Amino acid sequence: MITLLQINKAINDRIKAALAGTEFSSVEIVAEDISEPIIRPSIKVGIESSASGKFNSRCREKTLTCHIYFFARDRNKYKLDNAKMQDLIENAFLDDLEVAEGFFIPIDSVDSEVSDTVLTCSFDLYTVELL
């Protein structure tokens, strides 16, 4: 069975690949809570809601919502960094997410918004696995 840690690692790997060779290649993906002192620039990935249950007698279904938070270099001049990062993240998740060899999770759309200078990109993941 696919674990949340495997999904989180696949998301982090996809982000790192998208940032490679760009001006954001040194941006860290931090594991700390958002309430901690914020490192700028940085990215935080959160799988913040999930539902899991039986699809039928032989399968389990799981629905997850992933949020990717980007904290721009400068809290007062964030628009350009946020726009560039939004393009990178949205393009990175156009393809299905490979979580394990041969196990792909489709991503239908990525929603993005900026609130209080923080870019948040979100998408839903849906899986069905054999029990």
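Visitor: Where is L19 placed, and why is L19 called buried?

Guide: L19 sits in helix 1 of this predicted model. Its relative accessible area is 3%, and buried means under 20%, so L19 is buried.

Visitor: What is L19 in contact with, leaving aside its neighbours within four places in sequence?

Guide: With those neighbours set aside, L19 touches F24, S25, V27, I43, M85 and L88. Contact here asks for heavy atoms within 4.5 Å. Take L88 from that list: L19 and L88 are 69 residues apart in sequence, yet their C-alpha atoms are 7.2 Å apart in space.

Visitor: What makes helix 1 and helix 2 oblique to each other?

Guide: Helix 1 covers residues 4–19 and helix 2 covers residues 79–92. Their axes come within 9 Å and cross at roughly 125 degrees. Perpendicular is kept for 65 to 115 degrees and antiparallel for over 145, so the pair falls outside both ranges and is called oblique.

Visitor: Which hand does the crossing of helix 1 and helix 2 have, and which residues meet there?

Guide: The crossing is right-handed. From helix 1 come R14, A18 and L19, and they meet M85, L88 and A92 of helix 2. Sorted by class, this contact holds five nonpolar residues, no polar ones and one charged residue.

Visitor: Let us stay in helix 1. Why does N12 count as buried?

Guide: N12 lies in helix 1. Its relative accessible area is 15%; the cut-off for buried is under 20%, and therefore N12 is buried. Apart from neighbours within four places in sequence, N12 is in contact with I29 and V45.

Visitor: And K79, in helix 2: why is K79 called exposed?

Guide: The relative accessibility of K79 is 66%. Exposed means over 50%, so K79 earns that word. K79 and R40 lie 39 residues apart in sequence, with 14 Å between their C-alpha atoms.

Visitor: What kind of peptide bond joins R40 and P41?

Guide: That bond is cis, with omega at about -10 degrees. P41 is placed in the loop between strand 1 (28–30) and strand 2 (42–56). As background, most peptide bonds are trans.

Visitor: Where is D116, and what is the sign of its phi?

Guide: D116 is in the loop between strand 6 (111–115) and strand 7 (118–130). Its phi is near 55 degrees, a positive value in a residue other than glycine. T117 lies in the loop between strand 6 and strand 7 as well, and the phi of T117 is near 75 degrees, again positive in a residue other than glycine. In general, most residues other than glycine have a negative phi.

Visitor: Why is D116 called exposed, and why does T117 count as buried?

Guide: D116 has a relative accessible area of 55%. The cut-off for exposed is over 50%, so D116 is exposed. T117 has a relative accessibility of 10%, and with buried set at under 20%, T117 therefore counts as buried.

Visitor: How far apart are the C-alpha atoms of D116 and R60?

Guide: They are separated by 38 Å, and the two residues are 56 residues apart along the chain.

Visitor: How many disulfides does a search of the whole structure find?

Guide: The search finds zero. C66 is in no disulfide, and its nearest cysteine sulfur, that of C121, is 9.6 Å away. A disulfide needs a pair of cysteine sulfur atoms within 2.5 Å, so the sulfurs of C66 and C121 do not qualify.

Visitor: What makes C59 and C66 count as buried?

Guide: C59 has 12% relative accessibility and C66 has 1%. Buried means under 20%, so C59 is buried, and C66 is buried too.

Visitor: One last stop: where is F103, and what does F103 touch?

Guide: F103 is placed in strand 5, residues 103–105. Not counting residues up to four places away in sequence, F103 touches I2, L97, E98, T127 and E129. For one of these, T127, the separation from F103 is 24 residues in sequence and 9.6 Å in space, C-alpha to C-alpha.

Definitions and conventions
Residues numbered from 1 in each chain as written. Predicted model: local features only at pLDDT ≥ 70, side-chain atom pairs only at ≥ 80, totals over all residues. Heavy atoms only, no water. Axes fitted to C-alpha atoms, helices over the stretch in contact; angles between N-to-C directions. Helix = DSSP H or I, 4+ residues; strand = E, 2+ residues; numbered from the N terminus. Parallel < 35°, antiparallel > 145°, perpendicular 65-115°, else oblique. Left-handed = near helix turned anticlockwise from the far one by under 90°. Nonpolar A, V, L, I, M, F, W, Y, C, P; charged D, E, K, R; others polar. Buried < 20%, exposed > 50% of the residue type's maximum accessible area, 1.4 Å probe, protein only.
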